[in-house]
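Biologist: I have the sequence and the model open in front of me. Please walk me through what the atoms show, one point at a time.

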Amino acid sequence: MKRMIMMAAVALGFAAGALADTSFAYQGNLREADGSAVSNASFTVVIRLYDKEEGGTPLWARQYRVMTSEDGTFNVEVSDSLGEVPEDAPAGSTLKKVMSDHPSFFLELDVPSRSGVIVPRQKVI
């Protein structure tokens, strides 16, 4: 059983233009299994995008360092230019390509140092 549960909201903010990077804002709230907030903690999260709710191969992936607030909330700008490319990221994949090829996709959040992959994946439209 996962030690943490997660609630999240996703806001898409497409950046347009030749110099701007495609990105969207992701806000999550991390909680322990008992419902208490994971407060004021810094850790690594991996965000992977899929075209399926379950299974499949990631279309895109990035690793970010985040800090939770007192109530367990964290924010991250999901972008090609921010974060690090994890080992399991597909070669040559870009966020812009994923977003243009898939009108909706599923976001998976992985917190390796805490609970691992948090399920279910969240649909982003």
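**A walk through the fold**

Biologist: Let's begin with Tyr64: is it buried or exposed?

Modeller: Tyr64 has a relative accessible area of 6%. This is a predicted model: local features need pLDDT of at least 70, side-chain atom pairs 80 or more, and totals for chains, interfaces and linings use all residues. Numbering starts at 1 along each chain as its sequence is written, and side-chain values use heavy atoms, without hydrogens and water. Since buried means under 20%, exposed over 50% and partly exposed in between (1.4 Å probe, protein chains only), Tyr64 is buried.

Biologist: Which strand holds Tyr64?

Modeller: Helices (H or I, at least four residues) and strands (E, at least two) are DSSP runs, numbered from the N terminus. On that basis, Tyr64 belongs to strand S4.

Biologist: Which residue 13 places away in sequence is 9.2 Å from Tyr64, C-alpha to C-alpha?

Modeller: Contact means heavy atoms within 4.5 Å. Leaving aside residues up to four places away in sequence, Tyr64 touches a set that includes Phe43, Ile47, Val76, Val78 and Leu82. Glu77 is also on that list of touched residues. The residue 13 places away, at 9.2 Å between C-alpha atoms, is Glu77.

Biologist: Glad we cleared that up! Which tryptophan does Ile47 touch?

Modeller: Not counting residues up to four places away in sequence, Ile47 touches Tyr26, Ala61, Arg62, Tyr64, Val76 and Val78, among others. From a later part of the chain, Leu107, Glu108 and Leu109 are touched by Ile47 too. The tryptophan touched by Ile47 is Trp60.

Biologist: Now the overall fold. What pattern does the protein follow along the sequence?

Modeller: The protein has 1 helix and 7 strands. Of its 125 residues, 41% count as buried. Read along the sequence, the pattern is β-β-β-β-β-α-β-β.

Biologist: What share of contacts between residues at least 6 apart join residues at least 24 apart?

Modeller: The count takes in contacts in the protein between residues at least 6 apart in sequence. Among these, the share that joins residues at least 24 apart is 59%.

Biologist: In what order do the 4 strands of the open sheet come?

Modeller: Two strands pair if DSSP finds at least two bridges between them. In this sheet the pairing is antiparallel. The edge strands, each pairing on one side only, are S4 (60-67) and S7 (116-124). The order is S4-S3-S6-S7.

Biologist: And which residue of S7 is the bridge partner of Phe105?

Modeller: Strand S6 (residues 105-111) and S7 pair in the antiparallel sense over 6 bridges. The two form a hairpin with 4 residues between them. In S7, the bridge partner of Phe105 is Val124.

Biologist: How far apart in sequence are the parts that the Phe24 and Phe105 pair ties together?

Modeller: Aromatic rings pair if their centres lie within 6.5 Å, and planes under 30 degrees apart count as stacked, over 60 as edge-to-face and the rest as tilted. The whole structure holds 2 aromatic pairs; in one of them, the rings of Phe24 and Phe105 have centres 6.2 Å apart and planes at 50°, so the pair is tilted. Both Phe24 and Phe105 are buried. Phe24 lies in strand S2 and Phe105 in strand S6, so the parts tied together are apart in sequence by 81 residues.

Biologist: Which residue pairs with Tyr26?

Modeller: This pair is tilted, at 6.1 Å centre to centre and 50° between the planes. Tyr26 lies in strand S2 and its partner in strand S5, so the pair ties together parts that are 48 residues apart in sequence. Tyr26 counts as buried at 1% relative accessibility, and the partner is buried at 0%. That partner is Phe74.

Biologist: Any backbone oddities are welcome too. Which residue does a cis peptide bond join to Val119?

Modeller: Most peptide bonds are trans. Here omega is about 5°. The residue joined to Val119 is found in strand S7; it is Pro120.

Biologist: Last one: what is the phi of Asn40?

Modeller: Most residues other than glycine have a negative phi. Asn40 is in the loop between S2 and S3, and counts as partly exposed at 46% relative accessibility. Although Asn40 is not a glycine, its phi is positive, at about 45°.

Terms used. Phe/Tyr/Trp six-rings, centres within 6.5 Å; stacked < 30°, edge-to-face > 60°.
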